[in-house]
Amino acid sequence: MTSFERPTLVRDGVYEHLRRAVLDGDLAPGERLGEVELGAQLGVSRTPIREALMRLTQDGLLVAEANKGVRVRTLSATEARDTYVVREELDGLAAALAAQHHTPTDAAALRAALDDLHAAPGSDYRAQTRLDLAFHRAITHAAHNAALNDLNRDLEQRVALIKHQTRTYNAHPQTDAQHAALLDAILARDHDAARNAARTHVRTFAALVLNDLQPRSTP
């Protein structure tokens, strides 16, 4: 994980640090987390570690199991399918709203986010995932809808877990073309094209993810 800097409120800092470690894939799906080990690694007592693990469990990023402790959550094929059904709708809405409401500052941020994603090595899966999520987050931000931003936070967490679990690479042959079409439609203020581009992109990767997860799912 990245280095930990002790904040004024240690419990909040530990929570944000561990949350980011899960979303960035430093803590992998299924990995078990021990309070003693984490406390020693971060240089804090067990109390803020315990509080952070409880909050992350409430967030749905971790799972607590009786007599087994806490582990990073893994999602079933059904849970992943449900996630992408919702993501298709919300990403389509975010793209359509971004096409209508983006500012020049938003446009620059969107271009920069996509440039950063293109510059990341295709072999660096964690960087690819982090920057892919950042690009889609920039679209949601450009929609200028507070409720949508709140909903997207939970959805992004689920998508991050799925991406790290399946390792369905963002550097797929269709990714660049789909991202470019999506950005072009938003910048052209074509809300229908933006919505369709976003939904097509989500469907493409939902199919890849479900193909990967299905053999592992249980009846």
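## A first look at this predicted model

Leaving aside neighbours within four places in sequence, I49 is in contact with V14, E35, L38, G39, L42 and V44, where contact means heavy atoms within 4.5 Å. Before going on, a word on the model itself. This is a predicted model, in which local features need pLDDT of at least 70 and side-chain atom pairs count only at pLDDT 80 or more, while totals for chains, interfaces and linings use all residues. Residues are numbered from 1 along each chain as its sequence is written, and side-chain values use heavy atoms, with hydrogens and water left out.

**Around I49 and V44**

I49 belongs to helix 3, residues 46-59. Helices (H or I, at least four residues) and strands (E, at least two) are DSSP runs, numbered from the N terminus. Is I49 buried or exposed? With a relative accessibility of 0%, I49 counts as buried. Here buried means under 20% relative accessible area, exposed means over 50%, and partly exposed lies in between (1.4 Å probe, protein chains only). The C-alpha atom of I49 is separated by 8.6 Å from that of V36, 13 residues apart along the chain.

V44, one of the residues in contact with I49, sits in the loop between helix 2 (35-42) and helix 3. V44 is buried too, as its relative accessible area is 12%. Between the C-alpha atoms of V44 and R11 there are 9.3 Å, and these two residues are 33 residues apart along the chain.

**The chain as a whole**

Stepping back, the protein chain has nine helices and three strands. Read from the N terminus, its elements follow the order α-β-α-α-β-β-α-α-α-α-α-α. The C-alpha trace spans about 55 × 45 × 35 Å along its principal axes. For 219 residues, a compact globule would have a radius of gyration near 17 Å, and the 18 Å of the protein chain agrees with that. This radius is taken over C-alpha atoms, and the globule rule is 2.2 Å times the number of residues to the power 0.38.

Of the 219 residues in the protein chain, 46% are buried. Among contacts with a separation of 6 or more, 76% are between residues 24 or more positions apart. The protein chain exposes about 10,900 Å², and carbon and sulfur atoms supply 51% of this area; the areas come from the Shrake-Rupley method with a 1.4 Å probe, and for residues only the protein chains shown count as cover.

**The nonpolar core**

In soluble globular proteins, nonpolar side chains tend to be buried together. In this model the largest nonpolar core has 60 residues, and those with the most contacts inside it are L18, L62, L110, F135, I139, L182 and I186. Helix 4 (residues 77-101) gives the largest share of this core, nine residues. A nonpolar core is a set of buried Ala, Val, Leu, Ile, Met, Phe, Trp, Tyr and Cys residues joined through side-chain atoms within 4.5 Å.

Two of these core residues are worth a visit. F135 lies in helix 6 and is buried, with a relative accessible area of 0%. Which residues does F135 contact, leaving aside its neighbours within four places in sequence? They are L110, A113, L114, H179, L182 and L183. With the same neighbours left aside, I186 is in contact with A95, A98, A99, H102, L110, I139 and A194.

**D106 and two loop residues**

D106 is found in helix 5, residues 104-119, and counts as buried at 5% relative accessibility. Beyond its neighbours within four places in sequence, D106 is in contact with H101, H141, A142 and H144. D106 and H141 are 8.0 Å apart, C-alpha to C-alpha, and 35 residues apart in sequence.

H144 leads on to the next topic. H144 has a positive phi although it is not a glycine, and R189 likewise has a positive phi without being a glycine. The table puts their values side by side.

| Residue | Phi | Loop | Relative accessibility |
|---|---|---|---|
| H144 | about 55 degrees | between helix 6 (125-142) and helix 7 (146-166) | 46%, partly exposed |
| R189 | about 60 degrees | between helix 8 (175-187) and helix 9 (191-213) | 41%, partly exposed |

Helix 9 also holds T204, which is buried at 15% relative accessibility. Not counting residues up to four places away in sequence, T204 touches Q174 and Q178.
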